[in-house]
Structure formats: structure tokens, C-alpha cells
Amino acid sequence: RACAASAFRGRLLQSLYLHGEWVSTHLEKGPVNGNHYLTDGVGLIFLGTFFKRSAKGRHWLNQGRAIVLDEMLVQVTEDGVDFEASTAYHRLVLELFLTGYQLLRRHGEAIPAPQWTRLERMFEFVAAYVKPGGLAPLVGDADDGRVQIMGRQAIGDHRYLLSTAAAMFSRGDFKRDAGVFWEESFWLLGPEAAEAFDALASPTEPPVSTAFAEGGYFVLRADDTHVFIDCANVGMRGI
């Protein structure tokens, strides 16, 4: 059994290394880059941090870091909306940036303030578009892509993102909108984040109407009312 486990480990490591070489030399880059190119970058961060004792691993890490830092300011509007004009892809892209930035931070890499602020604004957009019952309105293209599924919530329930954001940014309004500390947040951030979430005070004021003018969306709210208005472009800069 030990020999079999060692052989499997060797094949697994070889496969991961070959994946790194392939992604690094076949980036999905074009005139307008979307979530495919961003996913390449996050994958290179995963592999780069894993193999960072090697020259190739350090190259992949640098390559992936450059992509996830640069693309935040390209693919996400200043008010925090993913430019693919889709609530489902907003969730995927947010998870990609979140996971990439968490990996970088755990390996001693600082995230510049503009990128970190825009990540927080992506969560603010989630807080605005999520309906009172927790489900996201279906706007734009959707294949329900995820980075990794670590909870048992319904596929259309995006509130787990808000409990993660509450712990990361120490924001009681995100805690209020999340309702609970979701499994996803526990497995991503750990038990310390659960304690930080519990320590937050939730505001008693209800969520208010919000405009995301640059992104092209407007959310109207009143008692038992949630209206999501889509004035955005179709697709990535009209493509």
C-alpha cells in the first residue's frame, strides 16, 4: 500500500506540474479578457504557491499575481460590478478574486489598496442584488460556475459570500444580510473568522436603495420590496 500511495503521489505531482506548464504557456488572452483569463491567473497562483520552491513555481506565482491584480481594475467597475453583466458570473469572478487574494495573503503577498477596496465593493453589489429570501436574481448569462463548492446551500443562494465578507472586512451590515456564518465561510477562512463574525454588531436599519451607475444596475428597496433594474451593457463591453 505504501508503494501504491507513493506512486500515486508521484503521478499527481507530475500532473499538477504539467498543468502549470500548460496554463502558463496557453493563457486564454484576447482583445477583451474575461473570466477564462482570470481563472488562468488563479490557477497559476494555486500551482505557484504549491511549487514555489522551484524556479517554475515562482514564475507561475508571479504570472498569476500580475493577472489577478491587473484584471481587478479592468474587469470590475469602480462601483464593484463585474463587466460581464451577469449576476451568476459576478459570483464566479468574485470567488476567483477572493480565492486568489486569500492565497496570496497566506503566502505573505500584500494586496494593493485599490484592488482590496474594489473586492469589498464587489461584495457590496452582492448585498444589494440578493433578494430578501437569499436568492440572486437571474440576470445575464449563467452556467452556475464555482471555484470550489464547500457548502450545502442552494445554487442560487449567494448569502455565503456575505458572511465571508463580514469577517474579512469587519462589517456588521454584511453580517445582517448574511444571516448566519455559512459553511462556505468556515472552510475558506477558518474558525477564527467565525469568532470575528459572531463579535460583529448588526445594524438594526434595513438595507437601502442603491445605485451602481457605472455597472449599470439599480436596486430599489422598501419594506418587503426588492426591485432589481438592469440598465447595463450586454456582455463584456458590448461583446
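## Close-up views of a predicted model

**View 1. Tyr217, a buried residue of strand S2.** Tyr217 counts as buried, at 2% relative accessibility. The model shown here and in the views below is predicted. Tyr217 is found in strand S2, which covers residues 217–222. Neighbours within four places in sequence are left aside here. Beyond them, Tyr217 touches Val81, Ala85, Ser86, Phe125 and Val139. It is also in contact with Ala211, Phe212, Phe228, Ile229, Asp230 and Ala232. One of these partners, Phe228, lies 11 residues from Tyr217 along the chain. The C-alpha atoms of the two are separated by 7.3 Å.

**View 2. Ala85 and Asp224, two loop residues with positive phi.** Ala85 sits in the loop between H3 and H4. Its phi is near 60 degrees, a positive value in a residue other than glycine. Ala85 counts as buried because its relative accessibility is 12%, under the 20% cut-off. Ala85 is also among the contacts of Tyr217. Asp224 lies in another setting, the loop between strand S2 (217–222) and strand S3 (225–230). Phi of Asp224 is likewise positive, near 60 degrees. Is Asp224 buried or exposed? Asp224 is exposed, with a relative accessible area of 85%.

**View 3. The whole chain, for orientation.** The protein has nine helices and three strands. Along the sequence they run α-α-α-α-α-α-α-α-α-β-β-β. The radius of gyration is 19 Å, close to the 18 Å that the globule rule gives for 239 residues, so the protein is as compact as a globular protein of that length. Along the principal axes, the C-alpha atoms fill a box of roughly 65 × 45 × 30 Å. Buried residues account for 49% of the 239 residues. Among contacts with a separation of 6 or more, 68% join residues 24 or more positions apart.

**View 4. Helix H3 against helix H4.** Two packed helices are described by the angle between their axes and the distance between the axes. H3 (residues 55–75) and H4 (residues 87–106) pack at about 130 degrees, with their axes 11 Å apart. That angle makes H3 oblique to H4. The crossing of H3 past H4 is left-handed. H3 contributes Leu61, Arg65, Val68, Leu69, Glu71 and Met72 to the contact. H4 contributes Phe97, Tyr101 and Leu104. By class, the contact has seven nonpolar, no polar and two charged residues.

**View 5. Helix H4 against helix H5.** The axes of H4 and H5 come within 11 Å and cross at roughly 145 degrees. This crossing is left-handed. From H4, the contact takes in Thr87, His90, Arg91, Val93, Leu94, Phe97, Leu98, Tyr101, Gln102 and Arg105. From H5 come Gln115, Trp116, Leu119, Met122, Phe123, Phe125, Val126 and Tyr129. These residues divide into 12 nonpolar, four polar and two charged. Phe97 and Tyr101 of H4 also take part in the contact with H3. Phe125 of H5 is also one of the contacts of Tyr217.

**View 6. Helix H4 against helix H6.** H4 and H6 pack at an angle of about 35 degrees, with their axes 12 Å apart. H4 passes H6 in a left-handed crossing. On H4, the contact residues are Arg91, Leu94, Glu95, Leu98, Gln102 and Arg105. On H6, they are Tyr160, Leu161, Thr164 and Met168. Five residues of this contact are nonpolar, two polar and three charged. Several of the H4 residues, including Arg91, Leu94 and Leu98, also belong to the contact with H5.

**View 7. Helix H6 and its surroundings.** How many of the 11 residues of H6 are buried? In H6 (residues 159–169), 10 of the 11 are buried, so the helix is largely enclosed by the rest of the structure. The buried set begins with Tyr160, Leu161, Leu162, Ser163 and Thr164. It continues with Ala165, Ala166, Ala167, Met168 and Phe169. These buried residues pack against H4, H5 (113–129) and H7 (172–178). They also pack against H8 (183–189) and H9 (191–199). Just after H6, Ser170 takes a positive phi of about 55 degrees.

Notes. Residues numbered from 1 in each chain as written. Predicted model: local features only at pLDDT ≥ 70, side-chain atom pairs only at ≥ 80, totals over all residues. Heavy atoms only, no water. Axes fitted to C-alpha atoms, helices over the stretch in contact; angles between N-to-C directions. Helix = DSSP H or I, 4+ residues; strand = E, 2+ residues; numbered from the N terminus. Parallel < 35°, antiparallel > 145°, perpendicular 65-115°, else oblique. Left-handed = near helix turned anticlockwise from the far one by under 90°. Contact = heavy atoms within 4.5 Å. Nonpolar A, V, L, I, M, F, W, Y, C, P; charged D, E, K, R; others polar. Rg over C-alpha atoms; globule rule 2.2 N^0.38 Å. Buried < 20%, exposed > 50% of the residue type's maximum accessible area, 1.4 Å probe, protein only.
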